[in-house]
Each structure stands twice: as structure tokens, then as C-alpha cells.
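Reader: I would like to learn how to read cores, patches and strand pairing. Please take them in turn.

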Amino acid sequence: MSEKTLNNIRVVNKHDTAENWLKATNFTPKQGELIVYDIDDNYSYERIKIGDGVQNVNALPFVDDAVREYVDTAIETIPT
């Protein structure tokens, strides 16, 4: 992988409420694009999805869900 130095670059992530993201039925985030679900009445923290370039935003898992599933699986494999 080559290494590039870029100056004056700004990355803008898409963010909105969960209610509005549910309406985004035709939106497929680009691979690696961060989708931020803003704080709302149900969550006191922002939730994040990462686009894969294929799936609709509503079909993508939340990053914390994927991490939680990985940790749960890893814990199950620890001998007691």
C-alpha cells in the first residue's frame, strides 16, 4: 500500500437522526463512508455504521453491534 500525504483535506461524514435514516431507502453509502446516527430520545450517544458500497444504509449493522458480537463470541470460546 502506498502512503500519501494530503494537505487541506476535510472529511465530512453523513449524520442524521435514526428517524430520518429509516426514510433513506435508496441510499447506499460508499465503501468506508461513515454514517452517524445522532443522539436522540432512545440513545444518549452517537451510533455509527460503515458503508460497504453494496448494502443500503438500513441493512448495514452498527459498528458497536459488530464489536459486541465479536466480543461475545470471543468470550464464549474462553475455557472456564
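Author: The turns below go from the core to the strands and then to the surface. This is a predicted model, where local features need pLDDT of at least 70, side-chain atom pairs count only at pLDDT 80 or more, and totals for chains, interfaces and linings use all residues. Residues are numbered from 1 along each chain as its sequence is written, and side-chain values use heavy atoms, without hydrogens and water.

Reader: Which residues make the largest nonpolar core?

Author: In soluble globular proteins, nonpolar side chains tend to be buried together. A nonpolar core is a set of buried Ala, Val, Leu, Ile, Met, Phe, Trp, Tyr and Cys residues joined through side-chain atoms within 4.5 Å; buried means under 20% relative accessible area, with a 1.4 Å probe and protein chains only. Here the largest one has seven residues: Ala 18, Trp 21, Ala 24, Ile 35, Tyr 37, Val 57 and Phe 62. Helix H1 (18-22) and strand E2 (34-37) are the elements that give two or more residues to this core. Helices (H or I, at least four residues) and strands (E, at least two) are DSSP runs, numbered from the N terminus.

Reader: In which sense does E2 pair with E1, and in which with E3?

Author: Two strands pair if DSSP finds at least two bridges between them. Strand E1 (residues 14-16) and E2 are parallel, over three bridges, and His 15 stands opposite Val 36 in E2. E2 and E3 are antiparallel, over four bridges; Leu 34 has Ile 50 in E3 as its bridge partner.

Reader: Is Val 67 in helix H2 buried, partly exposed or exposed?

Author: Exposed means over 50% relative accessible area, and partly exposed lies between the two limits. Val 67 is partly exposed because its relative accessible area is 47%.
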